[in-house]
Amino acid sequence: MASKTESKSEAPKKKASRPVPSAAQLLETAKKYFSPLPATADSPTNPITLEKVALGRILYYDTRLSKNHDLSCNSCHKLDDYGVDHEATSPGHKKQRGERNTPTVYNAAMHIAQFWDGRATDVEDQALKPVTNPVEMALADEAACVASVKSVPGYADLFKAAFPGDPDPCNPRNISLAIGAFERGLTTPAPFDDFLNGNMTALNSDALRGLELFIELNCVSCHTGPTLGGTMYQKLGAVKPYETKDLGRFKVTNKPEDKYVFKVPGLRNVAKTAPYLHDGSAKELGDALDVMAEYQLAKGKLSDEEKTYLIAFLDSLTGKIDMDYIKLPELPASGPDTIKPDPN
């Protein structure tokens, strides 16, 4: 006879209404929309070398690329925290706030363009824009950035090693190339990649259900490719308008059809990069799913069970950070003529 304690045990879980799909059949379907992450996001115009990556890593962490020497690329794109700062909008020079949520830098080099509005063609084009943005790192211009870097004695040999044969290697383009080369190695392979590579046990039953549902709901119309997004621009609000004052890509193109259009974000590591949306208004992953259901799906709402499955699948996109690759390097020491911080 069961004891009183045993009779008070928790009731069995409610049986799932969605059966577990065949992993093998689901894999064949998934291959139509997704592909595994490459080890690096190579570029024919910026061949990766160890010297270039080493220089880019140092520049990424160096606060002397900001006017007051208090901000680096890593201040907003924290590499030990999946490339974000978990702020709705990030604080910049004199604690000013930008208009948009800071996207993760991980896997971003594989996107069609950079920034929510796509105003930078690649990570190299993006690299110095925050440095010279008055709300962000606030240096006056690219010349001021070069002057600051050149005023640090140790950088001379680093630039010569990274760009041999260049008579004046410390220039805006080479700073961008070095940072870009480093960022192209910021990839995070995940359990989902193991699945795409044929490991039938890489995803648990809920993640398999979530992947099947993700495809059924046609999330793959926007979130596809190796980064599950970042391949196109779309208007947020396919079935009903999403209220925002941000005109999105229109600010870049001035085309009326680009009003409220944004680059579709990649979903790699999405479970670790809250808050969400261009305005940072969705604080939790479940909140973001609610917004997507309301504004992008005809059904308008997801059940709790559906959200559970989708979150399980999105969890499988959480990848491994290479802690050796992102390890804080020794920064070259300032010299007597190094430009001083300016809080103004």
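**Exercise 1.** In this predicted model, decide whether threonine 188 is buried or exposed, then work out what its side chain pairs with.

*Solution.* Start with the accessibility: threonine 188 comes out at 0%. Buried means under 20%, so threonine 188 counts as buried. Next, place it on the chain: threonine 188 sits in the loop between α8 (172-183) and α9 (191-196). Now check for polar partners. The side chain of threonine 188 makes a polar contact with that of asparagine 107, at 2.9 Å. Finally, list the surroundings, skipping residues up to four places away in sequence: threonine 188 touches Leu37, Tyr106, Asn107, Asp193, Arg268, Asn269, Gly319, Lys320 and Ile321.

**Exercise 2.** Take alanine 202 and find out which class its accessibility puts it in and which residues it touches beyond four places in sequence.

*Solution.* Alanine 202 belongs to the loop between α9 and α10. Its relative accessibility is 22%, so alanine 202 is partly exposed. With residues up to four places away left out, alanine 202 touches Pro191, Asp194 and Phe195. For a distance check, go C-alpha to C-alpha: alanine 202 and tyrosine 106 are 22 Å apart in space and 96 residues apart in sequence.

**Exercise 3.** Which residues have the most contacts inside the largest nonpolar core, and which elements give it two or more residues?

*Solution.* The largest nonpolar core holds 40 residues, and Phe34, Phe192, Phe195 and Leu211 have the most contacts inside it. Two or more residues of this core come from each of α2 (23-30), α9, α10 (205-216), α12 (285-296) and α13 (304-315). Then zoom in on phenylalanine 34: beyond four places in sequence, its contacts include Phe192, Leu196, Leu211 and Phe214. Don't stop there, though: a second, separate core of 23 residues includes Leu71, Ala127, Cys170 and Ile175.

Conventions
Residues are numbered from 1 along each chain as its sequence is written. This is a predicted model: local features need pLDDT of at least 70, side-chain atom pairs count only at pLDDT 80 or more; totals for chains, interfaces and linings use all residues. Side-chain values use heavy atoms; hydrogens and water are left out. Helices (H or I, at least four residues) and strands (E, at least two) are DSSP runs, numbered from the N terminus. Buried means under 20% relative accessible area, exposed over 50%, partly exposed in between (1.4 Å probe, protein chains only). A polar contact is a pair of N or O atoms within 3.5 Å; within protein, one must be able to donate a hydrogen and the other to accept it, and residues adjacent in sequence count only if both atoms are side-chain atoms. Contact means heavy atoms within 4.5 Å. A nonpolar core is a set of buried Ala, Val, Leu, Ile, Met, Phe, Trp, Tyr and Cys residues joined through side-chain atoms within 4.5 Å.
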